[in-house]
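This report describes how the strands of a two-chain model are arranged, what fills its interior and how its chains meet. Please keep the sequence and the structure at hand while reading.

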Amino acid sequence: MTLTPLISSFKLSLGGADPVVGQQLAFSGWYRDPVTGQQYYYDAVQNQWYVYAAGYLYALGYMNPAPKQVTLAPGDKLKITLSFKYTGPAVTGVSSRYCIGAYGATGFDEKIYLTPTFNIPANLTATPVTVTNETTLTLPASPGADWDDIYVKIWGGTPSIGGSELSPNYIFGYENALVIVGITPVITEFKILDFVKV
Amino acid sequence: MDLQVAFVPLALEPKTFNIGDTVRVTASFKYTVGADTSVTVQAGPYHYIAGILDRIGSCFGSITVDLPMALTLTEKQFTIDFTLKAEDGIQAGTYGLIVEIPGTEFSVKQDSVLIIAGAPSITDILPMLMAVMMMGMIVPMMEEGGKED
């Protein structure tokens, strides 16, 4: 019997945020945009869309609106917790990449990241169990004001959960999750209240 | 019915001062900053020359405002004194009041709120003098034209 890792509902938590669940279709398969001709693949098991380009499948729409914002100053630490539902054998040495950066039209510009590995305990029942992992990133002395996005991806391990660092099967991020308060003051509501002779 | 409400800062009432007076300005702003720091804030009179804002810089007063680290918008109120000294270029007339953080875009100002009392300067009365002089030239010409008829 072959036990295949099954991961679903991959999501991130910034200290207890609600999960974000995307649109889910019934069947896996290839889909084609009638306007652009671009081909997409939908994995119904993982509830994940992929775009095909240059021989690779890239997870599509992995960035999501953040359910909340966390304000950070230079030197502050941000703990990111990921969680997912899992059924399968124990997996050791799963690779992960936790990033803070700026997400835009050209992709995710990583500014701070850590790449820890972790293990997934076996779950040989039919009911998926929740697996969590967390990492803490520290802001440098002069963070950019636009470092307001985060994402995490996981891949590999023994046995492998699939994917690779460049084409991970499991990737999830939040846009505008952070408010970076830098060392330069930001001033608003500047007003003269009164002026008198003294 | 669509009710739209906009909040606009109250305009300052113009006040009259004399040459030599010290003016105390109370101002405030809200700020965020990721580490303890401070900024220099200055205040003083200005007027316009050919439409360009001209600070009477010699009259300006300045202070250093400490800004403790604040991750959420925090109000800071402060006072700045400056003296209206004739030798610094201030003279009778009407001036605006500006409070600003030099080298940044952060400033607030209001035109024509500092009325400096005293004898009007030549620049203040020049337009009136020119009008009187022109009237003096035009009236005799009109009278001469009337005599020819």
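## Strands, cores and the chain contact

Chain A has 16 strands and 0 helices, in what is a predicted model. Of the 198 residues in chain A, 28% are buried, and among the contacts in chain A with a separation of 6 or more, 69% link residues 24 or more positions apart.

Strand S14(A) is a useful place to begin. Because 5 of its 6 residues are buried, S14(A) is largely enclosed by the rest of the structure. Strand S13(A) runs antiparallel to S14(A) and is joined to it by 5 bridges, with Lys153(A) standing opposite Ile171(A) of S14(A). Strand S6 of chain A, residues 63-65, pairs with S14(A) in the parallel sense over 3 bridges, and here Pro65(A) has Glu175(A) of S14(A) as its bridge partner. The pairings of these strands, together with one that joins the two chains, are set out below.

| Strand pair | Sense | Bridges |
|---|---|---|
| S13(A) and S14(A) | antiparallel | 5 bridges |
| S6(A) and S14(A) | parallel | 3 bridges |
| S16(A) and S2(B) | antiparallel | 9 bridges |

In the pairing between chains, Phe195(A) stands opposite Val25(B) in S2(B).

The largest nonpolar core has 36 residues, and those with the most contacts inside it are Ile150(A), Tyr151(A), Val152(A) and Leu178(A). The elements that give two or more residues to this core include S13(A), S14(A) and S16(A), together with strand S2 (22-33) of chain B. Its largest share, 6 residues, comes from S9(A). Leaving aside residues up to four places away in sequence, Tyr151(A) touches Tyr62(A), Met63(A), Cys99(A), Phe108(A), Ile171(A), Phe172(A) and Gly173(A). A second, separate core of 21 residues includes Phe17(B), Phe82(B), Val99(B) and Leu114(B).

How many residues does the contact take from chain B and from chain A? It takes 32 residues from chain B and 20 residues from chain A. On the side of chain B that touches chain A, the elements that give two or more residues are S1 (15-17), S2, S3 (37-49), S6 (70-83), S7 (93-100) and S8 (107-116) of chain B. S2(B) gives the most to this side, with 12 residues. The residues of the side of chain B that touches chain A divide into 19 nonpolar, 8 polar and 5 charged.

Strand S2(B) thus recurs in this account: it pairs with S16(A), it is among the elements that give two or more residues to the largest nonpolar core, and it gives the most to the side of chain B that touches chain A.

Notes
Residues numbered from 1 in each chain as written. Chains lettered and ligands numbered in written order. Predicted model: local features only at pLDDT ≥ 70, side-chain atom pairs only at ≥ 80, totals over all residues. Core = buried A, V, L, I, M, F, W, Y, C linked by C-beta atoms within 7 Å. Buried ≥ 20, exposed ≤ 12 C-beta atoms within 10 Å, placed from the backbone. Helix = DSSP H or I, 4+ residues; strand = E, 2+ residues; numbered from the N terminus. Contact = placed C-beta atoms within 7 Å. Nonpolar A, V, L, I, M, F, W, Y, C, P; charged D, E, K, R; others polar. Pairing = 2+ DSSP bridges.
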